[in-house]
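User: I'm a first-year student with a structure to read. I'd like to know how its descriptive labels are justified. Can we go through them one at a time?
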Amino acid sequence: MNVGQYPVNSQDWSDADWCGLLNDLIANGIVSYKEVTSLVLGHLNPSQVGTSIASKPTFQKHFPSRQCWKAVRQWHFEQIGRCVDCGTRLELQADHIIPKQELGDDADKLENMTLRCRRCNVVRRPSHKKGGLTDLTAETALMWLLFTKQPTTYQEFAILCRLYGMTMANIRFEEAWAMAKWLEREGKYSIDSQSQY
Ligand SMILES: [Zn+2]
């Protein structure tokens, strides 16, 4: 696979860069077109966005019995079907406009709800300060670093993860490193003998 040809920050990647990575993953038998496409289709489906709202007592209490879903359905249909922050159609979730930390249970009103993607939802949290070298979700960034930088030791991988702004515990890096171990056994990744794992 091609290493080092891509821009350092994921924000600077062009369509051609993403296309190159995807084609690399497919050419190397990591994933197939069918798998990628079916994942995309699955993530286009805003699964349980409405039904999860309608099942919460904090929303239900604003409506006569059995009327909550009708209102939620209407709210859902009226949304634009894209993340209000980044515009993606993928992995949409219902999110509060004014956060629950500020309003408590009063935040749970349809007029205070919007659609936001999982990534934008996560990076909004105070615990997840934006400003790292990647705008990807942590789980995506872990694989993105592995496949595009191809660190040959676990130590190098962990340093990269920190460098790119990931704040989770090391065990998450160790868990993600399993991909390197699995691929090495298939002859698709090289791990240096100096590697801690
Ligand atoms: Zn978004």
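Analyst: Let's begin with a helix pair. In this predicted model, the axes of helix 1 (residues 15-27) and helix 8 cross at roughly 80 degrees. They come within 11 Å.

User: Why are helix 1 and helix 8 called roughly perpendicular to each other?

Analyst: Set the angle against the cut-off. Angles from 65 to 115 degrees count as roughly perpendicular. The value here is roughly 80 degrees. Helix 1 and helix 8 are therefore roughly perpendicular.

User: Which residues make that contact?

Analyst: Helix 1 brings Trp18, Leu21 and Leu25. Helix 8 brings Trp144, Phe147 and Thr148. By class, that is 5 nonpolar, 1 polar and no charged residues.

User: What makes helix 8 oblique to helix 9?

Analyst: Helix 8 and helix 9 (residues 154-163) pack at about 125 degrees, with axes 10 Å apart. Roughly perpendicular stops at 115, and roughly antiparallel starts over 145. An angle of about 125 degrees fits neither class, so helix 8 is oblique to helix 9. Their crossing is right-handed.

User: Which residues of helix 8 and helix 9 meet?

Analyst: Leu142, Leu145, Leu146 and Lys149 come from helix 8. They meet Phe157, Leu160 and Cys161 of helix 9. The contact has 6 nonpolar, no polar and 1 charged residues. Lys counts as charged, and Lys149 is in this contact.

User: How do you know that helix 8 and helix 10 are oblique?

Analyst: The same check applies. Helix 8 (residues 138-149) and helix 10 (residues 170-185) pack at about 40 degrees. Roughly parallel needs an angle under 35 degrees, and roughly perpendicular begins at 65. About 40 degrees lies outside both ranges, so the pair is oblique. The axes of helix 8 and helix 10 are 10 Å apart. Helix 8 passes helix 10 in a right-handed crossing.

User: What does helix 8 meet in helix 10?

Analyst: Leu142, Met143, Leu146 and Phe147 of helix 8 take part. Their partners in helix 10 are Arg172, Phe173, Ala176, Trp177, Met179, Ala180 and Leu183. By class, there are 10 nonpolar, no polar and 1 charged residues.

User: Now the metal. Which protein atoms are the donors of the zinc ion?

Analyst: They are the SG atoms of Cys83, Cys86, Cys117 and Cys120. These donors lie 2.3 Å from the zinc ion. The cut-off for a donor is 2.8 Å, so the four atoms qualify. Their spacing in sequence is C-x2-C-x30-C-x2-C.

User: Why is the arrangement around the zinc ion called tetrahedral?

Analyst: Four donors count as tetrahedral if all angles lie between 85 and 135 degrees. The 4 donor atoms here subtend angles of 102 to 116 degrees. That range fits, so the arrangement is tetrahedral.

User: How many helices and strands are there in the protein chain?

Analyst: The protein chain has 10 helices and 2 strands. From the N terminus, the order is α-α-α-α-α-β-α-β-α-α-α-α.

Key. Residues numbered from 1 in each chain as written. Predicted model: local features only at pLDDT ≥ 70, side-chain atom pairs only at ≥ 80, totals over all residues. Heavy atoms only, no water. Axes fitted to C-alpha atoms, helices over the stretch in contact; angles between N-to-C directions. Helix = DSSP H or I, 4+ residues; strand = E, 2+ residues; numbered from the N terminus. Left-handed = near helix turned anticlockwise from the far one by under 90°. Contact = heavy atoms within 4.5 Å. Donors = N, O, S within 2.8 Å, 3.2 Å for Na, K, Ca; no water. Tetrahedral: all angles 85-135°; square planar, octahedral: opposite > 155°, others 65-115°.
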